[in-house]
Amino acid sequence: MRMHPAASAPQRITTLAGGIGGARFLRGLIAAAPEAEITVIGNTGDDIWIHGLRVCPDLDTVMYTLGGGISEERGWGREDETFTVKSELADYGVEPSWFGLGDRDIATHLVRTQMLNAGYPLSAVTEALCTRWQPGVRLIPMTDERAETHVVVDHPEGGRRAIHFQEWWVRYQAQLTAHAIVLVGADDAKPAPGVIEAIEGADVVVLPPSNPVVSIGTILQVPGIRESLRRTPAPVVGVSPIVGGRPVRGMADACLSAIGVDTTAAAVAAHYGSRRDETGILDGWLVDESDAGDVPQVASLGIACEARPLLMSDPTTTTAIAAAALDLAARTAAP
Ligand code: GDP
Ligand code: CA
């Protein structure tokens, strides 16, 4: 029997990630490639100032999930959390009251805010926070600059307005029709130190099943990142967050509608595009078994496509999804 040479296992894997979908996939990726050096480029478009604290929800979800501090039940924030500070703030009647900052979680935001105020860039702050959590990956924010996602809605108080993504997502549960989703500050943002090197120096680039608009889409808007994904000699493969025509969790369908993309695995692949085309970023794409009918359509775009079970229902299945992505990458040549 022919053994697979160990040398064929990717040594350097780079991923782009949002929050829950990204973090859960990363657990599987670490298990599937325990020897690999994994770099995670995190979405910071969700970041927000709350009560004077700088909150980076997606970076923290990745850090807590991989570091063993996440609330498994909620999927965000800390385990064994209490909300005393939140209720005290509510008693003062201060807004925003719709954003849940837990007491344990607040310590993270205090450290971050203090370091930012002292002049450290977010990438250095994130590295410092990770020395406590030891997530087993190198976590880099997409940018050190402030660039936050805003959503243009017909506001309940009248008029068309742009509100912060968190207000739309958390306060309004994405129930207000989004007319546009804009990363405010994108034009002036630069990739954080190490981002471009991680993409262009990777053996494989993997897009986890993160939200294609407000997680991966945001990262792709930082000038230079899309170009480096197109330039990297590594194959770029993605995992569909849309299963059976629906997001598995969250309201990605509302985000996709806002940018005129159908909520199907094939439409998301077409939106990312093939690297053989002018602006595309994908060489390979995994769809769920229930979306096997989408495979020919994706393949016709010049993207290698396979159907696999894509529900991250338990660690074994999640590891198998990550292994399938690496396997597809190994059989997919960069253009
Ligand atoms: P967020 O920042 O916390 O919203 O998380 P991400 O952007 O990283 O991931 C959100 C996406 O993960 C959603 O669009 C979901 O459809 C997707 N997702 C969640 N669980 C699963 C799963 O088990 N399988 C797949 N394929 N996608 C999932
Ligand atoms: Ca997010």
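This report describes the ligand site, the largest pocket, the one cavity and two backbone features of a predicted model.

## Ligand 1 and its surroundings

Ligand 1 sits in the largest pocket, and a shell of 20 residues surrounds this ligand, with Ser210, Ser215, Pro241, Leu310 and Met312 coming nearest. When the shell is divided by residue class, ten of its members are nonpolar, eight are polar and two are charged. Helix α1, which spans residues 20–32, gives the largest share of the shell, and that share amounts to three residues.

Backbone atoms of several residues lie at short listed distances from heteroatoms of the ligand. For Gly19, a backbone N or O atom is 2.8 Å from an oxygen atom of ligand 1, and for Val248 a backbone N or O atom is likewise 2.8 Å from an oxygen atom of ligand 1. Leu310, which is also one of the residues that come nearest to the ligand, places a backbone N or O atom 2.7 Å from a nitrogen atom of ligand 1. On its own, ligand 1 has 590 Å² of accessible area, and the protein covers 90% of that area.

## The largest pocket

The pocket that holds ligand 1 encloses about 1000 Å³ of space. Its lining is made up of 45 residues, and those nearest the centre of the pocket are Gly19, Ile20, Gly21, Trp169 and Arg249. Among the elements of the fold, α1, α2 (57–67), α4 (103–117) and α6 (165–171) are the ones that give two or more residues to this lining.

The largest share of the pocket lining comes from α2, with five residues, whereas the largest share of the shell around ligand 1 comes from helix α1. In terms of residue class, the lining of the largest pocket comprises 23 nonpolar, 15 polar and seven charged residues. Gly19 appears both in the group nearest the pocket centre and in the backbone approach to an oxygen atom of ligand 1 at 2.8 Å.

## The cavity

A search of the whole structure for cavities of 30 Å³ or more returns one, and the volume of the largest cavity is about 40 Å³. The residues that line this cavity are Ile20, Ala23, Arg24, Arg27, Thr61, Thr65, Ile70, Ser71, Glu72 and Gly75. By class, three of the lining residues are nonpolar, four are polar and three are charged.

Helices α1 and α2 each supply at least two residues of the cavity lining, and α1 gives the most, with four residues. These two helices also contribute to the lining of the largest pocket, and Ile20, one of the residues that line the cavity, is among those nearest the centre of that pocket.

## Backbone features

Most residues other than glycine have a negative phi, and most peptide bonds are trans. Against that background, two places in the model deserve a note. The peptide bond that runs from Glu95 to Pro96 is cis, its omega being near 0°, and Pro96 is found in the loop between α3 (84–92) and α4.

The second place is Gln134, a residue other than glycine whose phi is positive, with a value near 45°. Gln134 is located in the loop between α5 (122–133) and β5 (138–141).

Key. Residues numbered from 1 in each chain as written. Chains lettered and ligands numbered in written order. Predicted model: local features only at pLDDT ≥ 70, side-chain atom pairs only at ≥ 80, totals over all residues. Heavy atoms only, no water. Near = heavy atom within 4 Å. Polar contact = N/O pair within 3.5 Å; in protein donor to acceptor, adjacent residues only side chain to side chain. Areas by Shrake-Rupley, 256 points an atom, 1.4 Å probe, with all protein chains shown as cover. 1 Å grid on protein atoms, 1.4 Å probe; cavity = no way out; pocket = protein on both sides within 12 Å on 5 of 7 lines; lining within 4 Å. Sits in = over half its atoms within 2 Å of the grid points. Nonpolar A, V, L, I, M, F, W, Y, C, P; charged D, E, K, R; others polar. Points joined across faces, edges and corners; volume = space filled by probe spheres on them.
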